[in-house]
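Here is a friendly note to read with the structure open beside you. Take the points in order and find each residue as you go.

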Amino acid sequence: MERNSTKTNLPDGEKTTTDGKMAGCTHRNYQEDENWQTEKRNIVERNRHMFNNELMSDVHFLVGKCDKLRIPAHKYVMAISSPVFYAMFYGRMAEQGEEIKIGDCEAGSFLELLRYIYYDEAKIDPSNVFGILYLAKKYFLPFLAERCVDFLEENIDHQNAFTLLAQARYFCEPKLEEKCWEIIDRETARVLSSEAFTEIDHETLLAVLTRDTLTVLEADLFKAVKRWAEGECNRKILPPTPENKRNVLSSALNFIRFPVMTLKEFSEDAAQSGILTSEETINTFLYFGSKDDTKVKNFLTHPRPGAHRAYRCTR
């Protein structure tokens, strides 16, 4: 079978050549020293030697979403590490061929999965962590998945909190999700200013707006929500008119606490945004004069408990 070149991002120091082999970690052949075992002090060193090695390999993976990298492996080593690989090689419906196509991941991430399987190490970095986590979940390697989650938790900041939140929910990682919410609550204004906020889905937007623990002025929250609505209009290929922004916001609009804004904040932004109806705008102005909750039935009138910290910081 003809081997294709690959353009995937492989682990540091391991580049791919045009014949599908890895420079810096090339496939070893059968011509090596027959006594190589005597130089390895323990099972870890011996398995490190066999990682990505043609010697005694009895299966090959053709890995990549586009171009494929041909990677040698050993069924026994794979099977004792993962119930999925055990079923693949020794189960009732075991694969009969010696080549297995893996088209749902990048070669670099799959190689890190193999590295972990062979000698309990993995070179995890921001460029491959989601790919490795996906494979760890797919092949039932919970301790590798745990390492990926630990890496993500250690690297959460206001720029990536919403990106990691989406991944935490996708991979069903409640601990990571909780860490994301912690930074969203603690640094709300900074997190809302990130590009990642404009890319969240509507369900996540609702989850944000229903939180009492946000530390942000309601006027600033509305500004961020307008940015999200504009981004959503662009994703739906709609002109970002006030009417379309209102439509994409849908029920989320009711969780913005317009009556909590100052009269100046409301009149200079929300009242002129075109997103509120004339009736909603007038009733909110009437509320400012009367403090009659019945004037603004669609909106909450009490401040978020966490918002007092934002007010204190702006003094």
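1. Please start with two phenylalanines: Phe 61 and Phe 85 are both buried in this predicted model. The centres of their rings lie 6.0 Å apart and the planes meet at 70°, so this pair is edge-to-face; the cut-off for that label is an angle over 60 degrees.

2. Now trace where these two rings sit. Phe 61 belongs to strand S3 (residues 59–63) and Phe 85 to helix H3 (residues 83–90). With their positions 24 residues apart, the pair links distant parts of the chain.

3. A second edge-to-face pair joins Tyr 170 and Phe 171, with 4.9 Å from centre to centre and 80° between the planes. Are these two buried or exposed? Tyr 170 has a relative accessible area of 58%, so it counts as exposed, because exposed means over 50%. Phe 171 has 8% relative accessibility and is therefore buried.

4. How many aromatic pairs are there? The count comes to 16. Ring pairs also build a cluster, made up of Phe 222, Phe 258, Phe 266, Phe 285, Tyr 287, Phe 288 and Phe 299.

5. Lastly, look at two helices. H6 (residues 142–154) packs with H8 (residues 174–186) at an angle of about 5°, and their axes are 10 Å apart. The two helices are therefore roughly parallel, a label used for angles under 35 degrees.

6. Which residues make the contact between H6 and H8? From H6 come Val 149, Leu 152 and Glu 153, and from H8 come Lys 175, Leu 176 and Lys 179. Sorted by class, this contact has three nonpolar and three charged residues, with no polar ones.

Conventions
Residues numbered from 1 in each chain as written. Predicted model: local features only at pLDDT ≥ 70, side-chain atom pairs only at ≥ 80, totals over all residues. Heavy atoms only, no water. Phe/Tyr/Trp six-rings, centres within 6.5 Å; stacked < 30°, edge-to-face > 60°. Helix = DSSP H or I, 4+ residues; strand = E, 2+ residues; numbered from the N terminus. Buried < 20%, exposed > 50% of the residue type's maximum accessible area, 1.4 Å probe, protein only. Axes fitted to C-alpha atoms, helices over the stretch in contact; angles between N-to-C directions. Parallel < 35°, antiparallel > 145°, perpendicular 65-115°, else oblique. Contact = heavy atoms within 4.5 Å. Nonpolar A, V, L, I, M, F, W, Y, C, P; charged D, E, K, R; others polar.
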